Amino acid sequence: MASGSRPTADGILVLNKPKDVTSMEMVRLAKRVSHVKRVGHAGTLDPIATGVLPVCFGQATRLMEFMVDGRKIYRAEFTLGSATDTYDAVGTETHTGDWSNVTQADVEALFPGFTGTVLQTPPMYSALKHEGKRLYELARAGIEVEREAREVTVYEIRLLEFALPKLVVEVECGRGFYMRTFAHDVGEALGCYAHLTELQRRKAGAFTIDDTMTPDMFEAAEDEDAWRGLLLPPDAALQSLDPMALDSSAERHLRNGQAVTLPASSTYAKHLDARRAYTPDGKFLAIVRFNRAESTWQPQRVFNLSEPSPYAP
């Protein structure tokens, strides 16, 4: 390595983020241990939250949007009887209510109304912007502004524990869903108020809590430069996409940004279907999408990776 140059790496570190640290602190830790400059996380977790946080290195940062867009599973504890300005335990109490008459049936009866494609109003304490300022900056200044409700998708809600005034729920959802807002809305619907007290992200896209390691485990690999062996290859994030093998001609065309015709892989493909494309020697090369009108696979992202992938067909 030339003097003063930084090491490079292409891969994904799946951390189990601890409580009371920010997602960006995890990115800074990853940079400090690896000395790699190009590092980012795929989906912010609030400081109160723990769980799955994919941290991307090098070319894997070009896949962050695919991870952010993937399905999530959250496990959360709500405390009934109290609302806060942040909708979680970090905030200041704003309202109190009587939860003593709430039943398990009352809680579960609410879930269908929060399932499917629903409208959710983001909390004031969020990183969304209003006229160039973060909402949480306005909230800290005592300013509340109108927030437009946004469409979010919720696939399933399960009540895991009912031990008043605590509830434990598990939610499978899409991008942009705020568990803090869900806790607040459940409390209002029950007429007793509620806020979020514990939160764990158990799944983010292709990664589950079982795939994670602690920050300490990653940090311990610094001395022997063993941290590289803890990274998953970039295409580990794309296991929901079917793989396809390329010949050398198709590889050359995709590397040049040109569409390719692969008849065998097009038989059952629908317009805009995506695939993982691999070189003849097993390197992950590209995400390609099918153009039904032209019967071609068009490159959406092209990569230049040095190692074969264990996920190659």
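**Exercise 1. How many salt bridges does the structure hold?**

*Solution.* Let us start with the total: this predicted model holds 13 salt bridges. Side chains of opposite charge can pair when their charged atoms come close. The next exercises take some of these pairs in turn.

**Exercise 2. Find the salt-bridge partner of Lys19 and place both residues in the chain.**

*Solution.*
- Step 1: the side chain of Lys19 meets that of Glu198 in a salt bridge, at 3.3 Å from N to O.
- Step 2: the pair links distant parts of the chain, with Lys19 in the loop between strand S1 (11-17) and helix H1 (23-34), and Glu198 in strand S12 (residues 194-204). The two residues are 179 residues apart.
- Step 3: now classify them. Partly exposed lies between the 20% and 50% limits of relative accessible area. Lys19 has 33% relative accessibility, so Lys19 counts as partly exposed. Glu198 has 36%, so Glu198 counts as partly exposed.

**Exercise 3. Do the matching analysis for Arg32 and Glu219.**

*Solution.*
- Step 1: the side chains of Arg32 and Glu219 form a salt bridge, with 2.4 Å from N to O.
- Step 2: Arg32 sits in helix H1 and Glu219 in helix H6 (residues 215-220), so the pair links distant parts of the chain, 187 residues apart.
- Step 3: with a relative accessible area of 41%, Arg32 is partly exposed. Glu219, at 28%, is partly exposed.

**Exercise 4. Is Arg301, the salt-bridge partner of Glu65, buried or exposed?**

*Solution.*
- Step 1: the closest N and O atoms of Glu65 and Arg301 are 2.3 Å apart.
- Step 2: Glu65 belongs to helix H2 (residues 64-68) and Arg301 to strand S17 (residues 296-302). This pair links distant parts of the chain, 236 residues apart.
- Step 3: buried means under 20% relative accessible area. Arg301 has 17% relative accessibility, so Arg301 counts as buried, whereas Glu65, with 37%, is partly exposed.

A small extra to look up in your viewer: Arg75, Glu156, Arg158 and Glu170 are linked in a network of salt bridges.

**Exercise 5. Check the span of helix H5 (residues 179-190) and describe its cover.**

*Solution.*
- Step 1: the expected span is 1.5 Å times one less than the number of residues. H5 has 12 residues, so the helix should span 16 Å.
- Step 2: compare this with the model. The end C-alpha atoms of H5 are 16 Å apart, which agrees.
- Step 3: turn to burial. H5 is mostly covered, as 9 of its 12 residues are buried. Among the buried residues are Met179, Arg180, Phe182, His184 and Leu190.
- Step 4: look just past the helix. Gly191 follows H5 and has a positive phi, near 80 degrees.

**Exercise 6. Which strands pair with S3 (residues 49-57), and in what sense?**

*Solution.*
- Step 1: begin with S1. S1 and S3 pair in the antiparallel sense over 7 bridges, and Val14 stands opposite Pro54 in S3.
- Step 2: continue with strand S2 (residues 39-41). S2 and S3 run antiparallel and are joined by 3 bridges; Val39 stands opposite Phe57 in S3.
- Step 3: finish with S12. S3 and S12 run parallel, joined by 3 bridges, and Thr50 stands opposite Gln200 in S12.
- Step 4: add the cover. S3 is mostly covered, with 8 of its 9 residues buried. S12 also brings us back to Exercise 2, where Glu198 in S12 was the partner of Lys19.

How values were computed: Residues numbered from 1 in each chain as written. Predicted model: local features only at pLDDT ≥ 70, side-chain atom pairs only at ≥ 80, totals over all residues. Heavy atoms only, no water. Salt bridge = Lys/Arg side-chain N within 4 Å of Asp/Glu carboxyl O. Helix = DSSP H or I, 4+ residues; strand = E, 2+ residues; numbered from the N terminus. Buried < 20%, exposed > 50% of the residue type's maximum accessible area, 1.4 Å probe, protein only. Pairing = 2+ DSSP bridges.
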